[in-house]
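Trainee: Got a minute? I'd like to go through this one with you.

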Amino acid sequence: MASERIVIIGAGPAGVRAAQILVAAGIHPIILDEAPMCGGQIYRQQPPVLQRDYSELYGFEAPKAKRLHDTFESLRGSVDYRSDCLVWNLEQKNLHILHAGNSETISVDRLILATGAMDRILPFTGWTLPGVFTLGGAQIAFKSQACAIGRRTVFLGSSPLLPYIAYQYAKAGAEVVAVLDTTARAAKIRALPGLLSGGMTFIKGLYFMAWLRTHNIKYEYGVTPGEALGDQNVEGLRYTDQRGNQQMLECDAIAFGYGLRSEMQLADLAGCDFRFDPVSCNWCLALDGHGRTSVRDIYAAGDGATILGADAAELSGARAAHALLGDLNLGSQDTALGRLNQELDRMNIFRSALERAFAYPHHLAKAIPDSCIVCRCEGVTAGEIRSAVHELGADDINRAKAFCRVGMGRCQGRVCGPATEGIMAAVLNRDQATLGRFRTQAPVKPVPMACVWEKPPEDIVL
Amino acid sequence: MSTSQFHRLGSPDRSRVRITIDGHAHECLVGDTLLTAMLTAVRHLRISECDGKPRAGFCLMGVCQDCWVTLAGGQRLRACTTEVKQGMAIDTTAKFDHGI
Ligand code: FES
């Protein structure tokens, strides 16, 4: 029982809290983390040689970041933590992992997936130009590298991160040309009652907006992205303002994104069920009320299961660990699970208001010009996706992939998935949920061929 | 127009690391990823095999795979998750097929 091998994948807020609960119950999990240090993306740590303090990196979230890192430090003696470790395949209960160029297979009895999320994007003309990055990427440049992505940056999209990252940049002395929010002001006002339930989180959001205003940083609502201008790199951004007028800004960098999407490739390889959440327009993992996936002995938590943010990730990480302890018959977990679910329900009210205040602009997929690249790995354009539907009869996303190579590249459709779904939904006049998701293939990320063979055949030169 | 994409914030007190990009010497800092090291010197990482246009990465978190670069010896590295090392010689013009 306690000798079962339990593995947590990911060491962000969900993974760390799951580990904490397991350790408290006397279990010593293995934690596999792709990053060099714990924290996930949100509480990502800087390389030790950069000695900025917590408040500079995490602002209001500094105490939370510190608590999470400290908790993890206190667990170090009780867990087998493997950083810089990619899980590139999952077959039955075997994990194929790659660490420092060496491949290894470990078998597990129970698994908690806490694999996190990445930015969700919808392409616009010019988005592959050097200088256009995701919002999350812009924040990583700042947090872990003490850099701005450009000298004059425009922040564009629809995400609670939008005012926050713009504020972080401006506060650190980077020039913020403008913040362009694709959600209309009226939608924000309609979301107000729900937002108020967020308490301090909401007030912090207001603070960033007010700070930007008092520092004369332009914040526009209801914009429509037009085109990133430039030949070899970004020189400007064309967009349509709320009143329908064409505008142009000079800049050398654009950070953009429309919220997050879950990293679910390992759950997919494991055969877990998914569901489409119409509110966030995202695929999520189908979980029972306690963090169990549809596959026995596999649990999931955090943004890698459903996008609910960092605070909820800590709670759902703890929840998955309690569910696991219950399944191991290590005492009743009902009280803990009840309390965690109550807190998660309360956060959900705020989360759905946030989804409206920073709405996913699914209508933009329809407007992506035919000539615009959608799949940046394979260079597939929106027009090619539309012809795969019109001329070749692709009626789900994996057929479209087979016909025009969209999503077939090195990122396996993580970047172009939502746009491809949206483009096809518009052409077919169907609900996005009916088009399916790009199927995952192992390795979930590129790994050197030499590592896939545990012993490379001797006559092959790699 | 500036010749680098990234812009360092503050005045870092870190030791230098020397690399070359397409034969030109550049200085970067200990703690830089290869992506940061390159983009604080130039504006792109590689030329896309699809459209022949320059690319400079996108997600910075090891997901989009847009930032694979080729070293002069042919070795390929994902620039946003690789720490820069003294003496790295990067060839941004290298043709990049579908293998890694
Ligand atoms: S920039 Fe996306 S993987 Fe490196």
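Mentor: Sure, let's talk about how the domains sit against each other, keeping in mind that this is a predicted model.

Trainee: Which domains does the assignment give for chain A?

Mentor: Domain 1 comes in two pieces, 6-118 and 261-354, domain 2 covers 121-258, and domain 3 covers 362-435.

Trainee: How many Å separate the centres of domain 1 and domain 2 of chain A?

Mentor: Taken over C-alpha atoms, it's 28 Å. At the contact itself, 20 residues of domain 1 meet 19 residues of domain 2.

Trainee: And what area is buried between those two?

Mentor: About 1,600 Å², with carbon and sulfur atoms giving 64% of it. On the domain 1 side, Arg44(A), Phe60(A) and Phe350(A) lose the most area to domain 2, together 35% of what that side buries.

Trainee: Switching to charges, how many salt bridges are counted between domain 1 and domain 2 of chain A?

Mentor: One. Lys204(A) and Glu61(A) pair up through their side chains in a salt bridge, at 3.3 Å from N to O. There are also eight residue pairs in polar contact between domain 1 and domain 2.

Trainee: Which helix gives the largest share of the domain 1 side that touches domain 2?

Mentor: That's α10(A), with four residues. Both α2 (54-58) and α10 (334-357) of chain A supply at least two residues there.

Trainee: What's that side made of, by class?

Mentor: The domain 1 side touching domain 2 has 11 nonpolar, four polar and five charged residues.

Technical notes:
Residues are numbered from 1 along each chain as its sequence is written. Chains are lettered from A and ligands numbered from 1 in the order in which they are written. This is a predicted model: local features need pLDDT of at least 70, side-chain atom pairs count only at pLDDT 80 or more; totals for chains, interfaces and linings use all residues. Side-chain values use heavy atoms; hydrogens and water are left out. Domain bounds come from an automatic or database domain assignment. Contact means heavy atoms within 4.5 Å. Buried area is the accessible area (1.4 Å probe) that two parts lose on being put together, summed over both. A salt bridge is a side-chain nitrogen of Lys or Arg within 4 Å of a carboxyl oxygen of Asp or Glu. A polar contact is a pair of N or O atoms within 3.5 Å; within protein, one must be able to donate a hydrogen and the other to accept it, and residues adjacent in sequence count only if both atoms are side-chain atoms. Ala, Val, Leu, Ile, Met, Phe, Trp, Tyr, Cys and Pro count as nonpolar, Asp, Glu, Lys and Arg as charged, and the others, Gly among them, as polar.
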